[in-house]
Amino acid sequence: MNSRIKTIEDLSLNAWPSHQIQIYDGWLLRFSYFYTHRTNCVEQIGVSTLPLDTKIAYCEEAYQQWGTPSIFKISPLLPESFDALLEQKGYVREHTTHVMTMSLEQLAEEPLPIRVDVSNFIPDSWIQALFALKGTTNVMHKQVVPSMYRAIPKETICVSIHEGGRVAATGLGILDRDYIGVYAIHVHPDYRRRRYASAICRTILQNGRQRGAKNAYLQVVDKNYPAIRLYASLGFSYAYTCWFRLKYLF
């Protein structure tokens, strides 16, 4: 089980680069002006040799210089004692996320309810539409996030649905090894309950299977029950849970 988790964690790192990174004694410090927890946190990717208190203090200073919270990602690959240590140091648990996986052999062929546009690259218009759907207004995020998407080192499947002259829904598939990762599923509130999210996901999964993927994974925020039900209806099942420990330093 741990080898499978390690694989998916590696795929996730490839799929969503940060604006800047720093490697420190087996830890990966990721910086993105707090655009998301995942791209602005510490992830443990190698053997650690230095005392934990020393390393945590180093990370806190690094994130304080960026003016963002100090965040550590906690996965089942880490010992429970590390999570407990952060809690003792005043870190709060935030943004619990479930990873779901499926074999693409389970994917049923169904006609899509609406036309879905597919691109092999990520156009700037798609990124701007994603900002609009997410309500992104932070000027720094608008400056650095496009470069983060363009830095994805893997083959992408960029999909969208257009309605009324605007993008009503988005999704992004990222191919790596024999997996297709499902990301950036967003639907404008005016167009929900029309099965647009299902059509977006199915398009990504079908295209991924056509390009050689045998498995799929995604991440969904805890208690997002509509999304969890949707993904389960497609064939996804629960794999494991991650969360983030966060501490404001200012």
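Here is a short chat about three helices in a predicted model.

Trainee: How are helix 2 and helix 3 oriented to each other: parallel, perpendicular or oblique?

Mentor: Take helix 2, residues 52-66, and helix 3, residues 80-88: their axes sit 12 Å apart and make an angle of about 55°. Angles from 65 to 115 degrees would count as roughly perpendicular and those under 35 as roughly parallel. This pair falls in neither range, so the two helices are oblique.

Trainee: And what is the handedness of that crossing, and which residues of helix 3 make the contact?

Mentor: Helix 2 passes helix 3 in a right-handed crossing. From helix 2, the contact uses Leu52, Asp53 and Ile56. Sorted by type, the contact residues come out as five nonpolar, no polar and one charged. On the helix 3 side, look at Phe82, Leu85 and Leu86.

Trainee: Is Lys55 buried or exposed?

Mentor: Lys55 belongs to helix 2. Leaving out residues up to four places away in sequence, Lys55 touches Tyr24, Asp25, Trp27, Ser48 and Leu50. Buried means under 20% relative accessible area. Lys55 has 0%, so Lys55 is buried.

Trainee: Over to helix 5: what do its buried residues pack against?

Mentor: Helix 5 covers residues 139-150, and its buried residues are His141, Val144, Val145, Pro146, Met148 and Tyr149. They pack against helix 4 (124-134), strand 8 (166-176) and strand 9 (179-187).

Trainee: Which backbone nitrogen does the Asn138 side chain reach at the start of helix 5?

Mentor: Asn138 uses a side-chain oxygen here. That oxygen comes to within 2.9 Å of its partner, the backbone nitrogen of Met140.

Terms used: Residues are numbered from 1 along each chain as its sequence is written. This is a predicted model: local features need pLDDT of at least 70, side-chain atom pairs count only at pLDDT 80 or more; totals for chains, interfaces and linings use all residues. Side-chain values use heavy atoms; hydrogens and water are left out. Buried means under 20% relative accessible area, exposed over 50%, partly exposed in between (1.4 Å probe, protein chains only). Helices (H or I, at least four residues) and strands (E, at least two) are DSSP runs, numbered from the N terminus. Contact means heavy atoms within 4.5 Å. A polar contact is a pair of N or O atoms within 3.5 Å; within protein, one must be able to donate a hydrogen and the other to accept it, and residues adjacent in sequence count only if both atoms are side-chain atoms. Axes are lines fitted to C-alpha atoms, for helices over the stretch in contact, and angles run from 0 to 180 degrees between N-to-C directions. Angles under 35 degrees count as roughly parallel, over 145 as roughly antiparallel, 65 to 115 as roughly perpendicular and the rest as oblique. A crossing is left-handed if the near helix is turned anticlockwise from the far one by less than a right angle, and right-handed if clockwise. Ala, Val, Leu, Ile, Met, Phe, Trp, Tyr, Cys and Pro count as nonpolar, Asp, Glu, Lys and Arg as charged, and the others, Gly among them, as polar.
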